[in-house]
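Please find below a colleague's note on the ligand site and the internal cavities of this structure. It is written for a reader who is new to such descriptions.

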Amino acid sequence: MKADKTGMHGVWASRWTFILAATGSAVGLGNIWKFPYITGENGGGAFVLVYLICILTAGIPVMMAEVLLGRKGRMSPINTMKELAGQEKAPQFFQGIGWMGAISGFFILSFYSVIAGWTLYYVVKMISGDFSNVTADGAGEIFGGLLSDPLLLTLLHTIFMVMTGVVIARGVHKGLEDGVRTMMPLLFLMLILLLGYSLTTSGFSQAAAFLFSFDFEHLTGASVVEALGHSFFTLSLGMGAIMAYGAYMPKQASLGKTILAVGFLDTLVALVAGLIVFSIVFTNGLEPGAGPGLMFQTLPLAFSALPGGQWIGTAFFILVAIAAWSSALSIAEPAVAWAVEKGWSRGMATFAVCGFAWVLGLGTVLSFNEWSDVTLWGKTFFDSLDFLTANIMLPLGGMLIAIFVGWFMTAESTNAEARIKNPTVFAIWRFMLKFVSPLAVLAIFLHGLKVF
Ligand code: TRP
């Protein structure tokens with residue numbers, strides 16, 4: 001099938017809608033849930049520094065490349081890569097970027113939906129007042145109770161997956177645009193409010209020191225790989241999600257500033273979430289390395305200390321659920337768009353993609369209870385999927401994207417699409433794609449494998 005100028009799926013209303021949708025994709029559980037907990041597990045500041053370096057040297061350049069490929073191809077990542085690899089006479093295996101991305105998407109969506117389900121549970125718990133005057137131990141117990149109940153986890157996972165499917169089936173435009181437009185600003189407001197609260201706690205300065213003092217003692221090869229992987233995860237890179245969104249981007253918009261805005265907002269949300277969570281951790285003598293439950297055990301404490309905390313807490317978890325929702329849509333979009341191009345109806349395509357990811361998600365549900373002892377290389381089912389996607393598949397996808405645009409596309413055809421007006425900025429970006437981003441990924445992989 002040949003794409004016309006705008007492709008069969010349509011185009012965002014404006015550059016701003018693209019920024020909103022891409023920010024909606026980027027800002028999600030990765031920022032508010034995952035970033036604080038992996039920072040805690042990896043000892044703090046030095047990890048944060050490596051993460052920021054990865055965002056700048058690999059994340060932003062690759063994000064621009066991904067959007068560029070999407071807009072040039074105007075199709076699902078699988079068909080876009082098929083067409084462009086042929087056009088630019090690149091080796092066949094570059095087509096694999098699209099396929100590997102679709103597989104990563106299934107894996108990520110499967111566990112993402114389970115964790116997003118936790119936020120739905122917290123909405124209900126907050127409304128019902130179960131977290132009013134809660135102690136640290138009490139919050140831990142509520143969270144522990146949730147994890148030990150596979151049926152409840154499955155129910156929540158199902159609700160979230162259906163919510164995701166309904167919006168995708170309606171088409172990204174109608175479903176997504178209005179939602180993100182109103183909800184994202186509200187989420188930012190809530191984060192500012194919580195940041196204000198955390199400034200009043202005694203643990204704030206310790207939290208700031210934990211995040212921003214770069215003590216390299218704790219840094220291991222594994223944590224460097226984790227930081228790289230997370231920089232891809234948090235920006236939704238390496239699997240075609242942003243490529244699919246790029247395919248709906250208006251032709252005339254320049255890529256540079258647009259992508260910088262998305263990268264900046266995403267990083268800001270993560271750092272603010274980190275400050276909030278760790279202020280509460282240190283104020284209450286909790287453990288920074290508590291793992292995936294960190295956010296779910298700390299934030300309820302903040303809300304119980306705030307006047308009207310029950311309502312603020314309810315609103316906050318609703319917003320986190322929405323942030324997760326807008327991210328989940330982008331995870332499913334590449335596979336759905338591909339099936340639509342194959343001739344499926346959008347509804348059937350959504351049903352198949354979400355249904356398959358739902359089944360896979362049951363593995364993650366069980367990994368927190370019945371299967372918590374079933375491990376492969378010391379990792380549970382959930383940990384393995386998370387590791388395989390974020391730490392291997394996404395960086396690999398990102399590296400191939402950088403190499404494809406950096407080495408197989410000419411400078412002219414690249415900038416015909418990117419429309420970066422400042423020649424120095426363009427040259428720097430291209431240099432990053434050719435050398436810095438691929439080498440950064442390679443070096444970090446080798447370091448992680450303990451080659452050096
Ligand atoms: N970036 C989102 C988050 O931080 C998750 C996400 C959405 C994602 N789309 C993706 C992760 C594509 C990897 C690939 O929560």
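The numbered points below concern a predicted model, and they treat the ligand before the cavities.

1. The surroundings of the ligand. The shell around the ligand is made of 17 residues. Ala26, Gly30, Tyr112, Phe233 and Ser236 are the closest of these. By class, the shell has nine nonpolar residues, eight polar residues and no charged residues.

2. The helices behind this shell. At least two shell residues come from each of α1 (15-26), α2 (29-41), α5 (96-127), α10 (221-234) and α14 (309-341). The reader may wish to find these five stretches in the structure before going on.

3. Polar contacts of the ligand. Which residues place a polar atom close to an oxygen or nitrogen atom of the ligand? Tyr112 does so through its side chain, with a polar atom 2.5 Å from a ligand oxygen. Ala26 uses its backbone instead, where a polar atom lies 2.9 Å from an oxygen atom of the ligand. Ser25 also uses a polar backbone atom, and this atom is 3.3 Å from a nitrogen atom of the ligand. On its own, the ligand has 360 Å² of accessible area, and the protein covers 100% of that area.

4. The place of the ligand among the cavities. How many cavities of 30 Å³ or more does a search of the whole structure find? The search gives three. The ligand sits in the largest cavity, whose volume is about 140 Å³.

5. The lining of the largest cavity. This lining consists of 16 residues, and those nearest the centre of the cavity are Ser25, Ile108, Phe233, Ser236 and Ile331. The helices α1, α5, α10 and α14 each give two or more residues to the lining. By class, 10 of the lining residues are nonpolar, six are polar and none is charged. Phe233 and Ser236 thus appear in two lists: they are among the closest residues to the ligand, and they are also among those nearest the centre of the largest cavity.

6. The second largest cavity. The volume here is about 40 Å³. The residues that line the second largest cavity are Ile32, Leu191, Leu194, Ala273, Ile276, Val277, Leu299 and Phe316. Two or more of them come from each of α8 (172-199) and α12 (255-283). Which helix gives the most to this lining? The answer is α12, with three residues. All eight lining residues of the second largest cavity are nonpolar, with no polar and no charged residues present.

Technical notes:
Residues are numbered from 1 along each chain as its sequence is written. This is a predicted model: local features need pLDDT of at least 70, side-chain atom pairs count only at pLDDT 80 or more; totals for chains, interfaces and linings use all residues. Side-chain values use heavy atoms; hydrogens and water are left out. A residue is near a molecule or strand if one of its heavy atoms lies within 4 Å of it. A polar contact is a pair of N or O atoms within 3.5 Å; within protein, one must be able to donate a hydrogen and the other to accept it, and residues adjacent in sequence count only if both atoms are side-chain atoms. Accessible areas come from the Shrake-Rupley method with a 1.4 Å probe; for residues, only the protein chains shown count as cover. On a 1 Å grid over the protein atoms alone, a cavity is a set of points where a 1.4 Å probe fits but cannot get out, and a pocket is an open set with protein on both sides within 12 Å along at least five of seven lines; lining residues have an atom within 4 Å of a point. A molecule sits in a cavity or pocket if more than half of its atoms lie within 2 Å of its grid points. Helices (H or I, at least four residues) and strands (E, at least two) are DSSP runs, numbered from the N terminus. Ala, Val, Leu, Ile, Met, Phe, Trp, Tyr, Cys and Pro count as nonpolar, Asp, Glu, Lys and Arg as charged, and the others, Gly among them, as polar. Grid points are joined across faces, edges and corners, and a volume is the space filled by probe spheres set on the points.
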